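Student: I have a model open and want to go through a few local features. Can we start?

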Amino acid sequence: MLDGLDPEQREVATALGGPVCVLAGAGTGKTRAITHRIAYGVRSGVLQPASVLAVTFTNRAAGEMRGRLRQLGAGGVQARTFHSAALRQLQYFWPKAVGGELPRLVDRKVQVVAEAAARCRIRLDRNELRDVTGEIEWAKVTQTVPEDYPAAAAKSGREAPRDPAEIARVYGMYEQLKRERGVIDFEDVLLLTVAVLQDRHDIAETVRRQYQHFVVDEYQDVSPLQQRLLELWLGDRDSLCVVGDASQTIYSFTGATPDHLLNFRHRHPHATVVKLVRDYRSTPQVVQLANGLLSQARGRAAEHRLELVSQRGPGPEPVYAEFADEPAEAEGTARRVRELIASGVPASEIAILYRINAQSEVYEQALADAGVPYQLRGAERFFERPEVREAGLLLRGAARAGGHSDPQLADVADVPSQVRAVLSTRGWTTEPPAGSGAVRDRWESLAALVRLAEDFVRAKPEATLADLVAELDERASAQHAPTVEGVTLASLHAAKGLEWDAVFLVGLAEGMMPITYAKTDEQVEEERRLLYVGVTRARVHLCLSWALSRTPGGRPSRRPTRFLNGLRPGSAAPRAGFAAAAGQGGIERGVRPKRRGSARCRVCGRTLTDAGEIKLMRCEDCPSDLDEGLYERLRDWRAEQARRLGQPAFCVFTDKTLLAIAEAVPGTEAELVCISGVGGRKLGKFGADVLTLCAGGDPGSEDASHDASEDSPEK
Ligand code: ATP
Ligand code: MG
């Protein structure tokens, strides 16, 4: 089981006791390491399968994880989203905790928000409605009640789409409407579970007896509410393993934050912390672009970036393509997809990723026109689609009848033929129907079932129709959809955690990437991370494209995304910010980057003239991402050094330099020496101590004290 892991991954898999945190970039095998960890624990008898709860962020990822666990012989382990795990517990405990049935989930939240606004006599246009709904969701996951919303939004620096007092009123009315109708929303599921576990110790104890070990994938996107739930599940135990990549934080607009990941070792000082940098997924060409994108990133997540090192052989350079308009871009993409399929790349190994779901339509049309099969991601779960449920019932009926009572099945022997015969009564045909839309979607689902039957029988030649039905049931309960043999169409958000041989990132024009409503620096940075997520989905082929106008004949007024400036051929480098000055491929060990002509704020990019600001590497009033615990420890350490050397504290480091260190949390000497106020001499004298502190250690307890005493004569 451990053979397929590298030494660091193996460390993760075998650290079965106590807290574990894996900080690693895209494609480095985080998900692989944790599935192996669970399976290793189960197979070695250390973990009881039923006592493990693995949590991920999308249903698709949870299904994927269940599939991998089954393959590794740990099928009994629960792998769920926070939401589905909470919903299950809430449904179970509701009659005991509250009485009666759990209220129904609201169907169309935006509709209820619109009604609430109307009742408050507040007119919202479509965009405002979307944004106000987003604010309500944010308030709920940060556990902010309506009356506290204005203060909380101001404190978090949120740009409210309307007067915060108005939003608070709409939010209050929305809650009232739900109560009147006896419905709950998505966020309520988590809020109510938290409330039940908090108030009812007996129920919390029952849940804790059941689940003793927790594993969380994509932990960088945990919301405060999910974090609270996780803490309640955990109680005072510490069998928690989290993995994530701060550079892939793409849900902070909903209140998620990588702080829990980045501060993990402060909260769990005895945690095993493992970093992975070997990228097993992508070629050096793809990895170079990914590293280049990150080197231009700013903010706290960016300061924790890890440079990826590809483990694969070389592949083609990324392709950049500019088109006159969107239909031309879609057609060009479909053509290139066909070429790839013709050259031997399976359709299921190709994905077209876009920023918003509304972009899918033009690609659906272009692929249908080109005769390329496709499937949409992020739509309904496979086994919940009406046509799949209906087909399941028919197959069950046929299996019960032994496959013989139906005249259509009388003389067909093998299981796939029986399945084809049953499904042809529901619209399955050998060839797909023309065009896109609902008929096509339905056909794709039925075709996937036929393929599943074929694969199943290939693996188990003696299987009967009844065996297949049992397999379908098992998969349905495991939410593991069969791979549909088509090109995947998905939003960048829905592509998180997944990978394909070939990836097309489309619509990369300003306005779409970054999306127009990303206005603040933080929002723009999140868009950059979203593009990074997109780039790192590709194993080998990567194509990035944009269109200069939306419609044919329109004014070619669009520009390619700023995020590719300096990275795609023929583009000018972006303004030299802090990160860019450090060089595209990241900072090389021990090499001090030459200072550019002027210093710029690493948050907003403004030229800095004030000496204090230059030291801080940002404007005084630009948002700080200070690690306060670290700052306090650095100050204590400095006081100690000053005492020891008989010098004033500022001779060790000034406040500004300490602040800059606590914000940047350097992980290497090269990163530390970039901070203004840390010269070569101070690096030699204090570098080891500071890095130990930044890594969460205690310099006094290790051989770092030895370094300091050795250095003291040199003062
Ligand atoms: P992401 O950040 O995108 O979620 P990840 O860190 O979870 O990525 P995985 O999906 O676990 O990465 O792994 C990426 C790919 O690399 C997978 O195809 C996986 O099977 C492969 N891989 C990971 N580790 C190894 C290894 N030690 N040897 C061979 N292949 C590996
Ligand atoms: Mg992963």
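Student: What phi does Gly-99 take just after H4?
Tutor: Gly-99 has a positive phi of about 105 degrees. Helices here are DSSP runs of H or I with at least four residues, numbered from the N terminus. This is a predicted model, where local features need pLDDT of at least 70, side-chain atom pairs count only at pLDDT 80 or more, and totals for chains, interfaces and linings use all residues. Residues are numbered from 1 along each chain as its sequence is written, and side-chain values use heavy atoms, with hydrogens and water left out.

Student: Where does H4 bend?
Tutor: H4 (residues 82-97) bends by about 35 degrees at Gln-91, the angle being between axes fitted to the seven residues ending there and the seven starting there. Pro-95 follows within four residues.

Student: Which residues of H4 are buried?
Tutor: Among them are Phe-82, Leu-90, Phe-93 and Trp-94. Buried means under 20% relative accessible area with a 1.4 Å probe, protein chains only.

Student: And how many in H11?
Tutor: Eight of the eleven residues of H11 (residues 224-234) are buried, including Trp-233. Gly-235 follows H11 with a positive phi near 60 degrees.

Student: New topic. How many disulfides are there?
Tutor: Zero in the whole structure, counting pairs of cysteine sulfur atoms within 2.5 Å.

Student: Is Cys-694 buried or exposed?
Tutor: Cys-694 is buried, at 3% relative accessibility. Cys-674 is buried too, with a relative accessible area of 14%.

Conventions. Chains are lettered from A and ligands numbered from 1 in the order in which they are written. Buried means under 20% relative accessible area, exposed over 50%, partly exposed in between (1.4 Å probe, protein chains only). Helices (H or I, at least four residues) and strands (E, at least two) are DSSP runs, numbered from the N terminus.
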